[in-house]
Amino acid sequence: MSEELLINVTPREVRVALVENGMLQEIAIERSSRRGYHGNIYIGRVQRVMPGMQAAFVDIGLDRAAFLHASDIVRAPVASVEAETTEPGPPANADIDADTGVRVDAPAPMPSPVPPISGLVHEGQRIVVQVVKDPIGSKGARLTTHLSIPSRYLVLLTTSKSIGVSARIEDEEERARLRDALTALAPAAEFGFIVRTNAEGLAAEQLQDDINYLTRVWRAVSVRFAAAKIGDCVYEDLSLPLRSVRDLMRDEVDKVRIDSRETFERTLKFVNQFMPAMVERIEHYPGERPIFDLYGVEDEIQRALQKSVPLKSGGYLVIDQTEAMTTIDVNTGSFLGTRNLEETVYRTNLEAAQSAARQLRVRNLGGIIIIDFIDMADDDHKRQVIRQLEKHLARDHAKTTVYEMSPLGLVEMTRKRTTDSLARQLCEPCPACAGRGQLKTAETVCYEIFREITRAVRQFDAAKLLVLAAPSVVLRIEEEESAAVAELEEFIGKSIRFQVEEQYSQEQFDVVLL
């Protein structure tokens, strides 16, 4: 498996693409006008406590108040609940993602019932929090007080003293070796640590370097707490290029190609310090042709904004992202197969499972996902399709959970979401249809205009009326609704004139009283 990391830098935007065997697998975008907050630590103030939701809204200096659930609050001793500052740090069972270093969307099950939110925080309280999910749509950021700081190989847990190993390291002997090594290196540590997937096969000396680095970072962050004001960011994660190298650089990555000399030198310095064995893989790309064009990434991004995804067999997927969930519909399309219907459906579903797993990564789709596979009668075929989906999701750095196929052929799954999807980063709702994906017909708009005229005449005095509307609507009125207009003029006793407005969308119109 050959992988390359491509980093494209322009003055206002940085983009990072992970390409596997010449095919785009992931794309991350960071703009200077809208940098993400995921992983940042802030000094906040509790604005409002919502007992009915078991949550609080916290001011951390962003446009919208952030959301903090009771299960994401470190439970302090009863005597210190009313203390001015809630001390950070996750308990031993905190659900930390070993590949990103922060808690996942859903909190880990608590060993005992979560106390009422009013017993954990109060309005006006100063509190140290970390962003685990960026603001998405109309929702504010999601927060936790279980603070953690990631490095290349470890995640530091600020108050827990437990030691864990990423579940993605499956070899039991290697898991035990890493756990024992970390226990020996930090026998009296005041912090807990999680061993990340990148640490597999690592020597103890390299783990020690990460322990020292994380300890220094946390000491520096702790010093800032006292002087910081509400809304101050006391810890900010690395920039996108360095964060991508830290999290995605592994043995399978043959090279990192960067088209900015300044970013290349900064990245080279970072790699020299934290992963010197991989220095030779960092390259500056000086070519005149844009690096994303060279690898076909620009075309892939444009395709990732389309609803329909063609399959090589002739089938296709239809992907719909809504507020509640993402649905993926599988269709055979022009694929007729060669044997029988069951075999055709099975082959299409296998290909769709592979393609769907890739599309989730490329489009950065998260939350609840429903895949509507074509109905299959053979139970073994159903199991094979699920295994194919899980196999291709295994390389996804985001945490995924896949459930069994339902009798209707639906597969329910979740994928951890921390930032907006690709489409929501690059696009906005259509101003003509307001994001519905549909426009009212010219006929429908004509009848809305007639009703609005009747309503206006009953409310206000006017000698005549002027209607401003889109060309298609005015054309419909003049050619097919002229009789209706004549009847309406007779009914209201006033003349109506229609004027074309080229800039109006089909649904937009104005009734002006003259």
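# Briefing: polar contacts, salt bridges and surface charge

The backbone oxygen of Phe-225 sits 2.6 Å from a polar atom of the Arg-126 side chain. The model is a predicted one. Its protein chain has 514 residues, of which 47% count as buried. The secondary structure amounts to 12 helices and 25 strands, and the C-alpha atoms fill a box of roughly 95 × 65 × 55 Å along the principal axes.

**Arg-126 and its backbone partners**

- Arg-126 belongs to strand E8, which covers residues 126-133.
- A second backbone oxygen, that of Ala-228, lies 3.1 Å from a polar atom of the Arg-126 side chain.
- Is Arg-126 buried or exposed? Its relative accessibility is 18%, so Arg-126 counts as buried, the cut-off for that class being under 20%.

**Salt bridges between parts of the chain**

- Side chains of opposite charge can pair when their charged atoms come close.
- How many salt bridges does the structure hold? The count is 30.
- One of them joins Arg-361 to Glu-26, with 2.8 Å between the closest N and O atoms. This pair links distant parts of the chain, 335 residues apart: Arg-361 is in helix H7 (residues 341-363), while Glu-26 is in strand E3 (residues 23-31). Arg-361 and Glu-26 are both buried.
- Glu-300 pairs with Arg-358 in another salt bridge, where the closest N and O atoms are 3.0 Å apart. Because Glu-300 lies in helix H6 (residues 297-303) and Arg-358 in helix H7, the bridge ties together parts that are 58 residues apart in sequence. Glu-300 and Arg-358 are both buried.
- Asp-396 forms a salt bridge with Arg-415, at 2.7 Å between the closest N and O atoms. Asp-396 is in the loop between helix H8 (379-393) and strand E21 (400-405), and Arg-415 is in strand E22 (residues 410-415), so this pair ties together parts that are 19 residues apart in sequence.
- Asp-396 has a relative accessible area of 0% and is therefore buried. Arg-415 is buried as well, with a relative accessible area of 2%.
- Salt bridges with shared partners also join five residues into one network: Glu-3, Glu-20, Arg-250, Glu-252 and Arg-395.

**Arg-415 as a contact point**

- Which side chains does the side chain of Arg-415 contact? It makes a polar contact with the side chain of Asn-364 at 3.3 Å and with that of Asp-396 at 2.7 Å.
- Arg-415 itself is placed in strand E22, and its partner Asn-364 lies in the loop between H7 and strand E20 (367-372).

**Positive phi outside glycine**

- Most residues other than glycine have a negative phi, and most peptide bonds are trans.
- Asn-364, the polar-contact partner of Arg-415, has a phi near 55°, a positive value in a residue other than glycine.
- Asn-21 also has a positive phi, near 50°. This residue is found in the loop between strand E2 (13-20) and E3.
- Asn-21 has 53% relative accessibility and so counts as exposed, the cut-off for that class being over 50%.

**Surface charge**

- Which residues gather in the surface patch of negative charge? The patch is made up of Glu-170, Asp-171, Glu-172, Glu-173 and Glu-200.
- Within this patch, Asp-171 is placed in the loop between strand E12 (163-165) and helix H1 (172-185).
- Asp-171 counts as partly exposed because its relative accessibility is 42%, a value that falls between the cut-offs for buried (under 20%) and exposed (over 50%).

**A separation across the model**

- Glu-480 lies in helix H11, which runs over residues 471-480.
- With a relative accessible area of 53%, Glu-480 is exposed.
- How far apart are Glu-480 and Ala-66? The C-alpha to C-alpha distance is 53 Å, and the two residues are 414 residues apart in sequence.

Technical notes:
Residues are numbered from 1 along each chain as its sequence is written. This is a predicted model: local features need pLDDT of at least 70, side-chain atom pairs count only at pLDDT 80 or more; totals for chains, interfaces and linings use all residues. Side-chain values use heavy atoms; hydrogens and water are left out. Patches are made of residues with over 30% relative accessible area and no salt bridge: like charges are joined within 9 Å, nonpolar side chains (Val, Leu, Ile, Met, Phe, Trp, Tyr) within 5 Å. Accessible areas come from the Shrake-Rupley method with a 1.4 Å probe; for residues, only the protein chains shown count as cover. A salt bridge is a side-chain nitrogen of Lys or Arg within 4 Å of a carboxyl oxygen of Asp or Glu. Lys and Arg count as positive and Asp and Glu as negative; His and the chain ends are not counted. The place of a charge is taken as NZ of Lys, CZ of Arg, CG of Asp or CD of Glu. Helices (H or I, at least four residues) and strands (E, at least two) are DSSP runs, numbered from the N terminus. Buried means under 20% relative accessible area, exposed over 50%, partly exposed in between (1.4 Å probe, protein chains only). A polar contact is a pair of N or O atoms within 3.5 Å; within protein, one must be able to donate a hydrogen and the other to accept it, and residues adjacent in sequence count only if both atoms are side-chain atoms.
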